[in-house]
Amino acid sequence: MLKITTVSGQGIPVKGNDIDTDQIIPARYLKVVTFAGIGKFAFKDVRFDDNGSELDHPFNDKRFAAAQILVVNDNFGCGSSREHAPQALKDHGITAIIGESFAEIFAGNCTSIGIPTATLPPDIIESIQQRIEENPDAELRLDLEQSSFSVDQDVFECSFKPPFRAALISGMWDTTAALLSNNTLIQQTMDNLPYIAFSKKE
Amino acid sequence: MSKNLLNKVWDLHKVATLPSGQDQLLIGLHLIHEVTSPQAFQMIKERDLPVLYPSRTFATVDHIVPTKKQYIRPYADIQAEAMTKQLEQNTKNFGIEFFSVNTDYQGIVHVIGPELGLTQPGMTIACGDSHTSTHGAFGAIAFGVGTTQIRDILATQCIALSKPKVRKIVVHGELLPYVYAKDIILKIIADLTVKGGIGYAYEYSGKAIESLSMEGRMTVCNMSIEGGARVGYVNPDQTTFDYLRNRKYGPSEENFQTAVDYWNTIKSESDADYDDVYELNAGDLEPMVTWGTNPGQGVQVSHPIPIVNSLKKSEQDVARRSLEHMDFKEGEYMLGKKIDVAFVGSCTNSRISDLREAANIIKGNKVAPHVHAIAVPGSKQVAKQAEKEGLDQVFNDAGFEWRGAGCSMCLAMNPDKLKGRQLCASSSNRNFVGRQGSKTGRTVLMSPAMVSLAAINGEITDIRKVMHA
């Protein structure tokens, strides 16, 4: 399984606290039965006006077209559990996100599709966003093993939720096989649940 | 060290500790719907995996169903039709029970789980929807999951998850008249912010919570996620047990005492440990309304919208952007704001008691001429009960449109949408920009009774002033 230990590339800043999942992908674009091609709906409502013309948004900025590392602020991804949100970012080309903090379900969804979410203090995040805006070609590098994030030569210490970091580094972020390997224990735990027996089976 | 409910239920469902340090948690009840499940079924098909326990997963269709003539197929919206077809095929192929619109039991997944008795105390419950926290009202540990986790639950009946911390939220005292469960939770989110609950489960307790009906408790738990808490729960008690008698999938009468005995064992001990405690007094609460674009931006209805500079520095930018979107000004009052649309519905407030409260307000009145008002029952069973009580007639007579069951205008994945800059008084759970189907549309969250009064008066009104007059 794919071990994710480092991610490097250009950055893209999306500024603002509490950017919710309806901003990342509005509900009306969830009407799909596959995630393929879902990247075109990322930030749809803030990227385009009603006539489909481009608005001022980093995801429309040609300088960030090849960016892989999204840099966000506080409580990014709050709201819905829709995995369509990280899937849309991934399909757009995002392979890691750094920010001040992340909503819980969103961060879990990112991990389960192999996108690391690293946190740094707000002032450092803001300075990184500014540096990327000034120099979109700045080389960013997230190192999960070292828990570090660098912008060109400058290295910052970053944090991860320990189990998310461990899962990504070990390649265990795709959890199905590990869960299934405990099949005997699954059956035992199920057999010990009192409510299975007393619930009606229609 | 005595255990709280979360720890007890967690330990009962813990299968193993995974190498990552997360726990492998068994899911006792898995609920699925048409939006977040098709890709998960595709993933298990690609891996040639079966559904491990098909009898522990139940399906319904709610997000995309039209609320007018929803039995007419194919749906005019070809994407909605495709999603429904996939769910029909997947449930059929994998032997999963599906409450389709052709059954008597279709409805919003968080309404039908409890009313069918599928939701019970002491369970772990997962669904690909963040409002799964609703089911915590029964003393279950219930949470939203993403599609990849749905894949894991289908294939293994388990997910990888870290145990949250627990914050006990004690709501002392009694609610004043015309102040509801919705107002309690909007106040909690306003106080603790939309991110205050990250990493926590919220245990709601205190006299005001214990006095709530199961439906009121569901409203409170439903919006836990709006405060950042993935899980919210209430310890089960006699109110819980009474609700669960004679439910289609609940314990049979002969098993009922066995069930109650189990349910009593999973309650938090009186001296249980918590990671944090937050207390408030129900008697201090007023009807709440939101003024911004996240559910934490709410005020008691007699208070003005806060002055931006008085807010925490980290909240000021968001507040400015919210006010700009809403076209409201700091310091002004929400009272008297003219509305265009009134929506009674959603997994937060579409149950029979919500509809009764709303009908009680509108009975004998007419919706203001400039307001488009819809009432959307949470399930077919709720609709049936409401129609038996003549509530549909009350809504129709007042000028509300009485609709079929579904998520409807809460997130506008079906034809029910705001248009342009419309301002909607809504009993739903999210006032995010674009949430109700128009990216320039505006949402003000409040209780169903306050929505109904706003519909009649054509503007936001303090229900206490009217009802006490």
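**Notebook: two interfaces in a predicted model**

I looked first at the interface of chain A and chain B, where the rule finds six salt bridges (a side-chain nitrogen of Lys or Arg within 4 Å of a carboxyl oxygen of Asp or Glu). I noted that A:K31 and B:D77 meet in a salt bridge through their side chains, at 2.4 Å, N to O.

I recorded that this is a predicted model, in which local features need pLDDT of at least 70, side-chain atom pairs count only at pLDDT 80 or more, and totals for chains, interfaces and linings use all residues. Residues are numbered from 1 along each chain as its sequence is written, chains are lettered from A and ligands numbered from 1 in the order in which they are written, and side-chain values use heavy atoms, with hydrogens and water left out.

I then looked up the extent of the interface: 64 residues of chain A are in contact (heavy atoms within 4.5 Å) with 85 residues of chain B. The two chains bury about 5,900 Å² between them, 59% of it on carbon and sulfur atoms; buried area is the accessible area (1.4 Å probe) that two parts lose on being put together, summed over both.

I turned next to chain B, which is divided into domain 1 (5-161), domain 2 (165-284) and domain 3 (289-467), with bounds from an automatic or database domain assignment. I found 19 residues of domain 2 and 29 residues of domain 3 in the contact between these domains of chain B. About 1,800 Å² is buried there. I noted one salt bridge across this interface. The side chains of B:E226 and B:R430 meet in a salt bridge at 3.0 Å, N to O.
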